[in-house]
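Trainee: Got a minute to walk me through this one? I'd like to start with the pockets, if that's fine with you.
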Amino acid sequence: MGASIGVAHGIARAGIAPQSVAVLGDSTFFHAGMPALLNLAYNDVPAVVIILDNGTTAMTGHQDNPGTGRTLRGQETVRADFATLARGMGISHVHVVDSYDVRAVEQAVRSALAAAAPAVVVAQRACALLPSVRPTWQALRVDPARCNGCGLCLRLGCPALGQSDAVAGASGRHLVHIDPLLCTGCQVCAQVCARGAISRQTQNEMREKSGPQRDEHP
């Protein structure tokens, strides 16, 4: 609930770790993170704050928050901008990235850590469970001929990824399987796969999984 910034501040001041990173969501930032971020800037503490901006309050039921530009009644209102807020508090190292762009996120975090000053990374991407996003899902697939079961993609912690019963002949490791009912098609796993074994399903594969189509013309 926004306490991570204060904890990172304390860790940095106590000298427990050379660098500290705080991670929190957009709603919790508005709830309790802003005063803590101001303290971080005021005391010039070299900590990194990563704000996960998914455009909703996912934890308690997808309510709007000051960062969505809508009130709880659905009325349009002012939209608080995280980067503007951070700069207004005196933080000069601010990065805004797409959460699904693995390389951009990595570069932003590395740059923030190297700043040796208070830094903010805003990772933006709408929650995959929002009604406006969910219909766009297109599940990914694993090519068993390319996958060698290295498990690099499994380190992402995605619930759609798991080991299958199939085993790679050369490595003897279990291949990776993607559950099409859980996959949102974000392609983060495809970006970390060094063998290019993950890709979007073909139209034929999607038709096969959806079952036989009814002929509308007798």
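Mentor: Happy to. One term before we begin: a pocket here is an open set of grid points with protein on both sides within 12 Å along at least five of seven lines, and lining residues have an atom within 4 Å of a point. Keep in mind too that this is a predicted model.

Trainee: Okay, which residues lie nearest the centre of the largest pocket?
Mentor: Those are Ser99, Tyr100, Leu156, Cys186 and Val188, out of 33 lining residues. The space in this pocket is about 880 Å³.

Trainee: And which elements give two or more residues to the lining?
Mentor: β2 (47-53), α4 (102-114), β4 (119-124) and α5 (188-192) do. Of the elements, α4 gives the most, with four residues.

Trainee: How does the lining of that pocket split by class?
Mentor: There are 24 nonpolar, six polar and three charged residues.

Trainee: What about cavities, how many are there of 30 Å³ or more?
Mentor: The count is one. Its volume is about 110 Å³. Fourteen is the number of residues lining this cavity, and Cys147, Cys150, Cys153, Cys193 and Ala197 are the closest to its centre. By class, the cavity lining has 10 nonpolar, three polar and one charged residue.

Trainee: Plenty of cysteine names there. How many disulfides does the structure hold?
Mentor: Zero. Take Cys150: the nearest cysteine sulfur belongs to Cys153 and is 6.3 Å away. A disulfide needs the two sulfur atoms within 2.5 Å, so a pair at that distance does not count.

Trainee: And where is the nearest cysteine sulfur to Cys183?
Mentor: It is that of Cys189, 6.2 Å away, and Cys183 is in no disulfide either.

Trainee: Is Cys183 buried or exposed?
Mentor: Cys183 counts as buried because its relative accessibility is 8%, and the cut-off for buried is under 20%.

Trainee: Switching topic: where does helix α2 bend?
Mentor: α2, residues 26-42, bends by about 70 degrees at Gly33. A proline, Pro35, follows within four residues. After the helix comes Asp44, which has a positive phi near 50 degrees.

Trainee: Which residues of α2 are buried?
Mentor: Asp26, Ser27, Thr28, Phe29, Phe30, Gly33, Ala36, Leu37, Leu40 and Ala41. Here is a general point: an α-helix has 3.6 residues a turn, so residues three or four places apart point the same way.

Trainee: What do those buried residues pack against?
Mentor: Their partners are α1 (4-14), β1 (20-25), β2, α3 (82-88) and β4.

Trainee: I also clicked on Val94. Which strand does it lie in?
Mentor: Val94 lies in β3, residues 93-98. With 12% relative accessibility, Val94 counts as buried. Leaving out residues up to four places away in sequence, Val94 touches Ala83, Ala86, Arg87 and Val120.

Trainee: How far apart are the C-alpha atoms of Val94 and Val48?
Mentor: They are separated by 9.8 Å, with their positions 46 residues apart along the chain.

Trainee: Last one, the whole chain. How many helices and strands are there?
Mentor: Six helices and eight strands, in the order α-β-α-β-α-β-α-β-β-β-β-α-β-α. The C-alpha trace spans about 70 × 50 × 25 Å along its principal axes. Of the 218 residues in the chain, 34% are buried. Among contacts with a separation of 6 or more, 65% join residues 24 or more positions apart.

Note on methods
Residues numbered from 1 in each chain as written. Predicted model: local features only at pLDDT ≥ 70, side-chain atom pairs only at ≥ 80, totals over all residues. Heavy atoms only, no water. 1 Å grid on protein atoms, 1.4 Å probe; cavity = no way out; pocket = protein on both sides within 12 Å on 5 of 7 lines; lining within 4 Å. Points joined across faces, edges and corners; volume = space filled by probe spheres on them. Nonpolar A, V, L, I, M, F, W, Y, C, P; charged D, E, K, R; others polar. Buried < 20%, exposed > 50% of the residue type's maximum accessible area, 1.4 Å probe, protein only. Bend = angle between axes of the 7 residues up to and from the residue. Contact = heavy atoms within 4.5 Å.
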